[in-house]
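Trainee: Got a minute to go through this one with me? I'd like to start where the two halves of the chain meet.

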Amino acid sequence: MPRPIEALIHTEALALNLRRARQAAPQSRVWAVVKADAYGHGIERAYAGLSGADGFALLDLDEAQRVRTLGWRGPILLLEGCFEPRDLELCSRLDLWHTVHHEAQIDMLAAHKTNVPHRVFLKMNSGMNRLGFRPSAYRGAWQRLSGLTQVDEITLMTHFADADGPGGVAAQMAAFEAATRELPGERSLSNSAATLRFAGAQGEGGLVAADWVRPGIMVYGSAPDYPAHDAAGWALQPAMTLRAKLIAVQSLQPGDRVGYGGAFTAEAPMRIGVVACGYADGYPRVAPTGTPVLVNGVRTRTVGRVSMDMITVDLTPVPEAALGAEVTLWGHGPNGSLLCIDEVARSAGTVGYELMCALARRVPVSVV
Ligand SMILES: *Cc1c(COP(=O)(O)O)cnc(C)c1O
């Protein structure tokens with residue numbers, strides 16, 4: 001028998017979350033962001049759930065190739081654009097749209113031989129200072145690009161640094177609007193947080209949503225602004241479940257310690273369960289005692305250190321739990337129970353994004 005751990009990818013949850021993005025930005029087209037192998041879900045596994053998108057946005061050319069192999073004939077956008085001239089060959093061959101965020105990418109395009117001009121997304125650094133042309137250089141880049149025979153339509157693009165936090169989008173919106181006011185072309189600005197928090201709003205809503213939104217994390221069922229909102233608060237459903245079973249049960253006496261370093265000490269008689277999931281499966285090693293977990297759908301907590309292949313959990317709230325009991329590390333549990341990946345991530349001092357991306361290769365995955 002294989003080791004009792006598995007991940008499930010929920011096709012219906014992906015489709016529902018994608019519809020939520022549409023509802024939040026009803027006038028916009030929707031890129032499903034599937035970089036990092038669909039945030040750890042697997043592009044091939046997520047594809048059925050996300051095939052209602054208007055396009056797929058990603059980073060790696062090999063991922064773009066995989067989306068084409070799945071039969072997708074619609075738009076594909078490279079969010080970081082091309083890294084070297086021969087990438088442009090593949091863009092021509094696979095009909096990929098690509099981001100242009102620095103001058104060298106315009107040089108590469110100018111030297112590229114193609115019969116079919118490329119659709120490009122010209123990125124503005126509106127304040128995040130990662131990728132893009134500064135507002136003062138943006139018009140110049142646009143003019144240079146629009147003079148190239150290799151270039152078809154130019155979409156104006158930026159990315160928000162704090163759409164999920166207190167800063168919001170106002171300052172970057174203002175910078176973007178001021179520098180693009182007289183430029184023609186479609187616009188794309190919003191990630192999940194901006195789409196959920198600002199695109200649906202009155203007034204500026206339409207400007208924030210613009211022609212294309214780029215939701216990533218929300219389509220996988222994690223709340224971008226947790227804990228201000230949780231997934232249920234945004235009506236999102238977890239698209240990934242990580243579950244395992246109890247492979248041992250121990251009865252502890254007061255003073256008994258658990259796991260490496262004896263990091264947990266029982267204060268009273270208690271039962272603990274040993275779960276077939278550890279950091280080599282993608283469970284965060286830094287998750288401390290008290291991290292939430294479900295046993296038979298009942299909420300309890302981890303105790304002691306996470307080791308490579310196992311974690312230990314408090315069975316006090318689930319006295320009937322025995323060998324083989326089902327343990328939900330995140331996602332959907334039995335009888336309609338739920339444990340949001342965001343809660344586990346927060347306990348471990350990280351975000352849902354990192355946990356889903358870190359699901360380890362050794363965990364068998366099925367699509368439901
Ligand atoms: C990853 C990414 C997104 C999606 O962000 P989420 O926070 O996951 O919604 C959108 N746009 C760009 C440019 C990205 O790199």
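Mentor: Sure. This is a predicted model. Across the interface of domain 1 and domain 2, the rule finds 1 residue pair in polar contact, both at pLDDT 80 or more.

Trainee: And how many salt bridges across that interface?

Mentor: The count is 0 for domain 1 against domain 2.

Trainee: What classes of residue does domain 1 put on the side that touches domain 2?

Mentor: That side has 4 nonpolar, 4 polar and 1 charged residues.

Trainee: Back up a bit. Where do the domains run?

Mentor: The domain assignment gives 11-222 for domain 1 and 240-367 for domain 2. Their C-alpha centres lie 37 Å apart.

Trainee: How many residues are in contact?

Mentor: 9 residues of domain 1 are in contact with 10 residues of domain 2.

Trainee: What area is buried between them?

Mentor: About 920 Å². Carbon and sulfur atoms give 68% of that.

Trainee: Which residues of domain 1 lose the most area to domain 2?

Mentor: Arg 45, Ile 217 and Ser 222. Together they make up 47% of what the domain 1 side buries.

Trainee: New topic, the inside. How many residues are in the largest nonpolar core?

Mentor: 113. Leu 145 and Leu 329 have the most contacts inside that core. The core draws at least three residues from each of domain 1 and domain 2.

Trainee: What is Leu 329 in contact with, sequence neighbours within four places aside?

Mentor: Among them are Leu 242, Cys 277, Tyr 283, Ile 311 and Val 344. Arg 243 is also one of its contacts.

Trainee: Which residues does the second core include?

Mentor: That separate core has 7 residues, including Leu 252, Ala 266, Ile 272 and Val 303.

Technical notes. Residues numbered from 1 in each chain as written. Predicted model: local features only at pLDDT ≥ 70, side-chain atom pairs only at ≥ 80, totals over all residues. Heavy atoms only, no water. Domains from an automatic or database assignment. Contact = heavy atoms within 4.5 Å. Buried area = accessible area lost by both parts, 1.4 Å probe. Salt bridge = Lys/Arg side-chain N within 4 Å of Asp/Glu carboxyl O. Polar contact = N/O pair within 3.5 Å; in protein donor to acceptor, adjacent residues only side chain to side chain. Nonpolar A, V, L, I, M, F, W, Y, C, P; charged D, E, K, R; others polar. Core = buried A, V, L, I, M, F, W, Y, C linked by side-chain atoms within 4.5 Å. Buried < 20%, exposed > 50% of the residue type's maximum accessible area, 1.4 Å probe, protein only.
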